[in-house]
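Please look over the sequence and the model below before reading on. The text then goes through the structure one topic at a time.

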Amino acid sequence: MNAPEIMPSSLLDISQFAARRARLGQRLIAAGGGVAIIPTAPERPRNRDTEFPYRHDSYFYYLTGFREPESVLVLIAGDKVAGTPVNTVRSVLFCRAKHEEREIWDGFRYGPDGARETFGFNEAFSIEELNTKLPDLIGNQPALWYSLGHDSLWDNRIVEALNTVRANSRSGVRTPADVRDVRVHLDEMRLFKDANEIATMRQAAEISG
């Protein structure tokens, strides 16, 4: 059992995460566009009924500010929806549904609606809908941006989604022509620290000193 933990969003500058998503999206558009899939880290079991204290994936947190497990960011770069410009960047979060009984044991959950409103995503859905929606999000995209080889379970999940898209090719749905490593752009972005990151580093140095 993990102790309940509430991370007040008021302690975070949420706009910095939205700005990073926008910057990454523009980088992907410049490289031809596509859809990026960035999952957070899984929970790790310590024994039969407890887990180690949870630590989110750094890439995922860098773009979302969201600390809950069982979460995935889908970033659609170059999306054209209802006549919007082709350089639109759309962010979709999949996360755990609200569940008051589980929150007693596992801690506070924002739920899709709360996460969307608090963290500024365009859309948010329950993680249980991911397998159903992922092929639709991947389909007809020029490229899939994903950290292939980082997590074998996620690699299998991505392959299954791609195979589902391929199975629908007769209905006119196209499979992404390329699978590219989204970390190429994220690593370069993270080399250059913004004001919030510099302030956090200085605070950590002061505490350590």
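The paragraphs below deal with the core, the salt bridges, the surface charge, the backbone and a few distances.

The model shown here is predicted. A useful place to begin is the interior. In soluble globular proteins, nonpolar side chains tend to be buried together. Which residues of the largest nonpolar core touch the most other members? This core has 28 residues, and Leu24, Ile38, Phe66 and Leu93 are the ones with the most contacts to other members. Several helices and strands each supply at least two residues of the core. The helices among them are α1 (14-30), α2, α4 (111-119) and α7 (183-191). The strands among them are β1, β2 (72-79), β3 (88-95) and β5 (143-145). Helix α2 gives the most, with five residues.

The next topic is charge. Side chains of opposite charge can pair when their charged atoms come close. Counting a pair when a side-chain nitrogen of Lys or Arg is within 4 Å of a carboxyl oxygen of Asp or Glu, the model has 12 salt bridges. Three of these pairs can be taken in turn.

In one salt bridge, Arg96 pairs with Glu68, and their closest N and O atoms are 3.8 Å apart. Where do Arg96 and Glu68 lie in the chain? Arg96 is in the loop between β3 and α3, while Glu68 is in the loop between α2 and β2. The two residues are 28 residues apart, and the pair links distant parts of the chain. Are Arg96 and Glu68 buried or exposed? Both residues are buried.

A second salt bridge joins Asp106 and Arg102, with 3.0 Å between the closest N and O atoms. Here both partners lie in helix α3, four residues apart, which is about one turn of the helix. Asp106 has a relative accessibility of 24%, so it counts as partly exposed. Arg102 also counts as partly exposed, because its relative accessibility is 35%.

A third salt bridge is formed by Arg180 and Asp178, where the closest N and O atoms are 3.3 Å apart. Arg180 has a relative accessible area of 29% and is therefore partly exposed. Asp178 is partly exposed too, with a relative accessible area of 35%. Elsewhere, Arg20, Asp194 and Glu197 are joined into one network by salt bridges that share partners.

Charge can also gather without such pairing. Which residues make up a patch of negative charge on the surface? The patch consists of Glu43, Glu70, Glu128 and Glu129. Glu43 sits in the loop between β1 (34-39) and α2 (58-64). Its relative accessible area is 30%, so Glu43 is partly exposed. Glu70 belongs to the loop between α2 and β2, and with a relative accessible area of 42% Glu70 is partly exposed as well.

Glu70 also leads to the backbone. Most residues other than glycine have a negative phi, and most peptide bonds are trans. Glu70, however, has a positive phi of about 55°, although it is not a glycine. Asn140 is another residue that is not a glycine and has a positive phi, in this case about 65°. Asn140 is found in the loop between α5 (130-138) and β5. At 38% relative accessibility, Asn140 counts as partly exposed.

The last topic is distance along the chain and distance in space. How many residues separate Asn122 and Val89 along the chain? They are 33 residues apart, and their C-alpha atoms are separated by 9.4 Å. Asn122 lies in the loop between α4 and β4 (123-126), and its relative accessibility of 44% is why Asn122 counts as partly exposed.

Leu162 and Leu134 give another example, being 28 residues apart in sequence and 9.0 Å apart in space, C-alpha to C-alpha. Leu162 is placed in helix α6 (residues 152-167). Leu162 is buried because its relative accessible area is 8%, and the cut-off for buried is under 20%.

Trp105 and Ala22 make up a further pair, 83 residues apart in sequence, with 35 Å between their C-alpha atoms. Trp105 lies in helix α3 (residues 100-106). With 44% relative accessibility, Trp105 counts as partly exposed.

Terms used
Residues numbered from 1 in each chain as written. Predicted model: local features only at pLDDT ≥ 70, side-chain atom pairs only at ≥ 80, totals over all residues. Heavy atoms only, no water. Patch = residues over 30% accessible without salt bridge, like charges linked within 9 Å, V, L, I, M, F, W, Y side chains within 5 Å. Areas by Shrake-Rupley, 256 points an atom, 1.4 Å probe, with all protein chains shown as cover. Lys, Arg positive; Asp, Glu negative; His and termini not counted. Charge placed at Lys NZ, Arg CZ, Asp CG, Glu CD. Buried < 20%, exposed > 50% of the residue type's maximum accessible area, 1.4 Å probe, protein only. Core = buried A, V, L, I, M, F, W, Y, C linked by side-chain atoms within 4.5 Å.
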